[in-house]
Amino acid sequence: MNEILKIGCPVCGSVLSVKNQPGIESKSVTCPICKNKSPFSAFKRIVNKEEKTEYPDKEKTSYSEETQVNGGPNYTLGKLLVPSLHLSFQLKPGKNIIGRKASASSATCQIPCETKRMSREHLVIEIKKIPGKGFVHCASLYKEKVNATFIGQNKLEFGDCIVLNHRDIIRLPDVEARFEIPDEEGTDI
């Protein structure tokens, strides 16, 4: 009989139950809550903790994540800062396209550049609202062939979907941007 595994979605943190089948490590799983498809290896394994209740002979099972994805719910929208150019872009729910400023650009956040190393549509920051979880900010490349782009020290590859955290540095060609989430009271952290 196949064992049931509890896993946490890497994007929204929802707990899912899946059957442990041979070769599951090489498969992808689509989260029914946020609809993101991720490799099984990206999901966080959930372990059982047995807790005693105040009632004798009764046990209650609770679940906890081995690692936490974002540290807690985020109910405010992030913004993208480009300190070297004194620019700030307030991000909106849905897809925010970041790219080089140009008359033929469809980017919602257009950054002036001296060279054409950054594409007119280079990076996408997608913001999804997850019920009870707040907003999740995910970064991915807009197209397959773009110059090197990094989040922190990690190179972003086409097809990656990286959950952004407060103060993550995004190194685009020719410019560095910082992702920030204002605190709940409306002042910067």
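Biologist: How much space lies in the largest pocket, and which residues are closest to its centre?
Modeller: In this predicted model, the largest pocket holds about 310 Å³ of space. It is lined by 15 residues, and those closest to its centre are Ser-38, Ala-42, Asp-160, Cys-161 and Ile-162.

Biologist: Which strand supplies the largest share of that lining?
Modeller: Strand E4 does, with three residues. Both E4 (37–39) and E15 (162–163) supply at least two residues of the lining.

Biologist: What makes E15 an edge strand?
Modeller: The open sheet has the order E10-E9-E11-E12-E15, with mixed pairing. E15 pairs on one side only, as does E10 (109–111), and these two are the edge strands.

Biologist: How do you know that E11 and E12 pair?
Modeller: Pairing requires at least two bridges. Eight bridges join E11 (residues 123–130) to E12 (residues 134–141), so the requirement is met. The two strands run antiparallel, and Val-124 stands opposite Ser-140 in E12.

Biologist: Why is the contact between Asp-174 and Arg-117 called a salt bridge?
Modeller: The closest N and O atoms are 3.2 Å apart, and the cut-off is 4 Å, so the pair qualifies. Asp-174 lies in the loop between E16 and E17 and Arg-117 in the loop between E10 and E11, so the pair ties together parts that are 57 residues apart in sequence.

Biologist: Why is Glu-180 called buried, and what is Arg-178?
Modeller: Glu-180 has 7% relative accessibility, and buried means under 20%, so Glu-180 counts as buried. Arg-178, at 27%, is partly exposed. These two residues also form a salt bridge, with the closest N and O atoms 2.6 Å apart.

Key:
Residues are numbered from 1 along each chain as its sequence is written. This is a predicted model: local features need pLDDT of at least 70, side-chain atom pairs count only at pLDDT 80 or more; totals for chains, interfaces and linings use all residues. Side-chain values use heavy atoms; hydrogens and water are left out. On a 1 Å grid over the protein atoms alone, a cavity is a set of points where a 1.4 Å probe fits but cannot get out, and a pocket is an open set with protein on both sides within 12 Å along at least five of seven lines; lining residues have an atom within 4 Å of a point. Grid points are joined across faces, edges and corners, and a volume is the space filled by probe spheres set on the points. Helices (H or I, at least four residues) and strands (E, at least two) are DSSP runs, numbered from the N terminus. A salt bridge is a side-chain nitrogen of Lys or Arg within 4 Å of a carboxyl oxygen of Asp or Glu. Buried means under 20% relative accessible area, exposed over 50%, partly exposed in between (1.4 Å probe, protein chains only).
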